[in-house]
Amino acid sequence: MALKNGKWVWFNGEFVHWDDAKVHAGAHALHYGSSIFEGIRSYETKDGTAIFCLDQHLDRLYGSCKIYRMEMPFPKEELRRAIVELVARNGHRTCYIRPLVFRGLGSFSLDPRRDCPVEVAVLTIEWGTYLGAKALEEGVDVCVSTWFRMAPNTYPALAKAGGHYTNSQLIAMEARDRGFVEGIALDVFGYVSEGSGENLFIVQNGVLYTPPLSASILGGVTRRCVMTLAGDLGIPMREEPISRERLYLADEAFFTGTAAEITPIRSVDGIPVGEGKRGPVTAKLQEEFFGIVRGQIPDRHGWLTPVR
């Protein structure tokens with residue numbers, strides 16, 4: 001997928017041209033995956049461009065840094081202002097925003113806290129529907145991966161760290177090699193965890209279910225928003241362990257995430273989910289979600305940050 005990048009990058013406190021945002025080949029993050037990142041979207045509304053859940057994403061970014069003992073060199077409010085200004089400078093109507101915190105050049109030690117500087121960059125790109133142009137309406141075909149998510153005492157699943165995504169790459173590549181759009185990972189206990197880069201929901205008998213945080217999932221921002229919208233719409237909602245076979249018996253299933261937004265799942269392992277198309281609960285949640293982020297429905301939860 002071709003990406004249209006912004007002209008400017010915010011890099012260690014300054015706005016620099018895209019081609020000048022360079023990192024040394026000896027940077028710790030390149031060798032050990034010692035980076036923290038976020039994915040954030042901005043949307044075009046009738047009142048101009050607005051960033052979706054900026055504060056929630058920044059809270060998770062700083063929380064992930066805390067878990068990995070990476071002391072942020074910039075206060076949260078400064079980074080917040082930088083992100084808003086970067087979107088404005090790059091003239092985006094809609095875009096994907098990637099804040100990145102990483103350990104730079106200084107040491108090859110596995111304890112880099114004393115010798116490697118913590119660096120921060122923010123990039124923007126114009127990026128369409130993550131799982132395909134027709135995915136939001138038609139849904140996607142997925143498989144259960146042979147790769148599991150990490151055990152809870154190996155990596156901290158609640159941190160959005162670059163090194164964790166080697167596991168995600170294996171899941172995504174396996175799915176594509178097998179002819180599917182995406183893969184679903186199980187946790188180490190055999191219960192459903194999440195997609196390679198998305199949280200997961202199923203619908204059974206009108207009730208919405210999603211795996212709990214203890215299933216080695218990332219605590220998704222869009223996931224929380226969907227749970228809030230379900231409450232608004234009177235859709236019963238439960239967090240509980242989901243066995244693999246419930247994917248096959250579900251009436252509906254969908255992914256959530258900043259990139260995936262709300263993407264229906266039409267089949268798992270070649271077995272149709274429900275009627276093999278987007279279901280009514282998924283469609284209702286999509287309508288409410290996109291109505292809010294595109295400014296067609298009042299932003300009653302304060303999710304949008306305007307870009308002036």
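How much space lies in the second largest pocket? About 380 Å³. This is a predicted model, and the pocket is one part of the picture below.

**The chain as a whole**

The secondary structure of the protein chain comes to eight helices and 18 strands. Along the principal axes, the C-alpha atoms fill a box of roughly 55 × 45 × 30 Å. The radius of gyration is 19 Å, which agrees with the value near 19 Å for a compact globule of 308 residues. Of these 308 residues, 53% count as buried. Contacts reach along the sequence: among those between residues at least 6 apart, 70% join residues at least 24 apart. The accessible surface comes to about 14,100 Å². Carbon and sulfur atoms hold 52% of that surface.

**Pockets and cavity**

| Space | Volume | Lining: nonpolar, polar, charged |
|---|---|---|
| Largest pocket | about 910 Å³ | 17, 17, six |
| Second largest pocket | about 380 Å³ | nine, seven, four |
| Largest cavity | about 30 Å³ | four, two, four |

Start with the largest pocket, with about 910 Å³ of space. It has 40 lining residues, and the closest to its centre are Phe37, Arg98, Lys160, Tyr165 and Gly197. Several elements give two or more residues to this lining, including α2 (54–67), β7 (95–103), β8 (118–126) and α6 (221–232). Helix α5 supplies the largest share of the lining, four residues.

The second largest pocket has 20 lining residues. Nearest its centre lie Tyr32, Gly33, Ser34, Tyr68 and Leu110. Two or more residues of this lining come from each of α1 (28–32) and β4 (35–37).

The count of cavities of 30 Å³ or more comes to one. Its lining includes Asp251, Glu252, Ala253, Pro264 and Ile265. Val273, Lys277, Arg278, Gly279 and Thr282 also line the cavity. Strands β15 (252–257) and β16 (261–268) each supply at least two of the lining residues. Strand β15 also gives two or more residues to the lining of the largest pocket.

**A closer look at Arg246**

Is Arg246 buried or exposed? Arg246 is buried, because its relative accessible area is 15%, and buried means under 20%. The residue lies in helix α7 (residues 244–249). Which residues does Arg246 contact, leaving aside its neighbours within four places in sequence? They are Ile202, Gln204, Tyr209, Glu240 and Pro241.

Methods
Residues numbered from 1 in each chain as written. Predicted model: local features only at pLDDT ≥ 70, side-chain atom pairs only at ≥ 80, totals over all residues. Heavy atoms only, no water. 1 Å grid on protein atoms, 1.4 Å probe; cavity = no way out; pocket = protein on both sides within 12 Å on 5 of 7 lines; lining within 4 Å. Points joined across faces, edges and corners; volume = space filled by probe spheres on them. Nonpolar A, V, L, I, M, F, W, Y, C, P; charged D, E, K, R; others polar. Buried < 20%, exposed > 50% of the residue type's maximum accessible area, 1.4 Å probe, protein only. Contact = heavy atoms within 4.5 Å. Rg over C-alpha atoms; globule rule 2.2 N^0.38 Å. Areas by Shrake-Rupley, 256 points an atom, 1.4 Å probe, with all protein chains shown as cover.
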